[in-house]
Amino acid sequence: MKPKFGTFEKKLSGIKKRNLLRTLQDSKVERQYIFQNGEKLLNFSSNDYLGIKPREIKHTQFQSSSRLVSGNDISFSILEKKLSKHKSQEKTIIFPTGYMANIGTISSIANKENIIFSDELNHASIVEACKLSGAKIKIFKHNNMEDLEKKIRKTNGRKLIVTEGIFSMDGDWSQLDQISELSEKYEVTTILDDAHGDFVLGKDGKGTSNFFNVEKKIDLYISSLSKGLGSFGGYASGRENLIDLCINTSKTFIYTSALPASINQYSLQRLESDRESYRKKLWKKINLFHKRLDEIELSTTSTSQIIPIIIGKEKTALELSKFLRKNRMFAQAIRYPTVKKGEARIRISITGWLSEKEIEYSIQVLEKAKKKFNLK
Ligand SMILES: Cc1ncc(COP(=O)(O)O)c(C=O)c1O
């Protein structure tokens, strides 16, 4: 081994040894199916939750520039105005991805003089954004309001709380009502990343903050257009001056190319579609899956469309995923560092694409898996 490659190879072989290696698989997704290696599998690993039927979009010339240079196609402001209304906020900016929205906004509004309280299960993009801001980071126990309050009380200076709405790997909801109360009591800025609750939860899919009736108490709302809506992109909504600050200082907004206008048009079509009927159908399926899971006595932390089956060992999670696959069910094993070490799991997501019959079929497969793998 050449010395200059030594450290890479050592790191990679360590990843392999710990059953944590990821590899890319060629695949094609069509409605509720995923095609891989000539197999047609039911896709239980999709974030296209509503399953809105795609319509043709007209491809336009790409902007080939950042938005502040010459890339600010009018589709941005049309979509941003509609998203502001969707969120009951003054202003919105679209980023190329939700990941970039977190990185850009949090690092713009927090600095080394501040303290950020971050839920221990927050997404990697939030974790990286907090680090990049230079603020002091205090991790509070997952959804534990006592721990959060204790930590807030112990600190002085400008404070911010950041949490997800529906947690991406556990499928439970943050206690946004209580978080908002604490924010008011201690004058803390509240940041919500609702990538998985947006379009799924609350009236008209307005998200987790609408569900908890605290929309006005969220200072910065961050989300993805690539999940519930099934389009592409990320956005942030808030008070006008806060969003203007991000336009002026968010590096992942300023120093990157604008999304193609055709993507915005696709998002607009979907935003204006009959989303509510898709959402109602989705919840019927989510509730059915949870009810059937209860009946076969498989436990989960979830209250949403994201349903983890916690396994523990990485190797067993991989074997279970393989077993499901043999039974035409595609559900990925999720391992460290996406979740904590020893908390590997199968992450199942229910989308509107799946029929009730297919959901029933998946329960039968899971019942077999429960016996084979001694699941609780
Ligand atoms: C909670 C959360 N925030 C942000 C993101 C990033 O969103 P995007 O896929 O649009 O980059 C994800 C994606 O997995 C997520 O789960």
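K372 is found in helix α14, which covers residues 356-373. The structure shown here is a predicted model, and this residue offers a convenient place to enter it. K372 has 11 C-beta neighbours inside 10 Å and therefore counts as exposed, since the cut-off for that class is 12 or fewer. Its C-alpha atom is separated by 9.5 Å from that of F323, although K372 and F323 are 49 residues apart along the chain.

From this helix the view may be widened to the domains. The domain assignment of the protein gives domain 1, made of 18-49 and 275-373, and domain 2, made of 67-271. The C-alpha centres of domain 1 and domain 2 lie 27 Å apart. The contact between them takes 19 residues from domain 1 and 16 residues from domain 2. On the side of domain 1 that touches domain 2, the elements giving two or more residues are α12 (275-295) and β11 (306-312). Helix α12 supplies the largest share of that side, namely four residues. In character, the residues on this side of domain 1 divide into seven nonpolar, seven polar and five charged.

Attention may now pass to a sheet. Four strands form an open sheet of mixed pairing, and their order is β1-β2-β3-β12. The edges of this sheet are β1 (28-30) and β12 (329-330), each of which pairs on one side only. In general, the strands of a sheet pair through backbone hydrogen bonds, either parallel or antiparallel. Strand β3, residues 39-43, pairs with β12 in the parallel sense over two bridges. Within this pairing, L42 stands opposite M329 in β12.

A further set of strands centres on β10, which spans residues 234-238. Is this strand mostly covered or mostly open? Strand β10 is mostly covered, as five of its five residues are buried. The burial extends to both faces: G234, A236 and G238 are buried on one side, and Y235 and S237 are buried on the other. Two pairings of β10 can be followed in turn. Strand β4, residues 91-95, pairs with β10 in the antiparallel sense over five bridges, and the bridge partner of I93 in β10 is A236. Strand β9, residues 220-224, also pairs with β10 in the antiparallel sense, over five bridges. Here S223 stands opposite Y235 in β10.

The ligand comes next. It is surrounded by 14 residues, of which the closest are T97, G98, Y99, S168 and S224. Helix α4, residues 98-109, provides the largest share of the shell around the ligand, with three residues. The residues of this shell divide into two nonpolar, ten polar and two charged.

Another helix, α6, covers residues 145-153 and contains E149. E149 counts as partly exposed because it has 17 C-beta neighbours inside 10 Å, a number between the cut-offs of 12 or fewer for exposed and 20 or more for buried. The C-alpha atoms of E149 and I179 are separated by 9.1 Å, while the two residues are 30 residues apart along the chain.

Several loops deserve attention for their backbone geometry. E187 lies in the loop between α7 (176-186) and β8 (189-193). Phi of E187 is near 55 degrees, a positive value in a residue other than glycine. E187 counts as exposed because it has 8 C-beta neighbours inside 10 Å.

The loop between β8 and α8 (208-211) holds F199. Phi of F199 is near 75 degrees, which is again a positive value in a residue other than glycine. Is F199 buried or exposed? F199 is buried, because 29 other C-beta atoms lie within 10 Å and the cut-off is 20 or more.

The last loop of this account lies between β13 (333-334) and β14 (344-349), and P337 is found there. The peptide bond from Y336 to P337 is cis, with omega near 5 degrees.

How values were computed: Residues are numbered from 1 along each chain as its sequence is written. This is a predicted model: local features need pLDDT of at least 70, side-chain atom pairs count only at pLDDT 80 or more; totals for chains, interfaces and linings use all residues. A residue is near a molecule or strand if its C-beta atom, placed from the backbone, lies within 6 Å of it. Ala, Val, Leu, Ile, Met, Phe, Trp, Tyr, Cys and Pro count as nonpolar, Asp, Glu, Lys and Arg as charged, and the others, Gly among them, as polar. Two strands pair if DSSP finds at least two bridges between them. Domain bounds come from an automatic or database domain assignment. Two residues are in contact if their C-beta atoms, placed from the backbone, lie within 7 Å.
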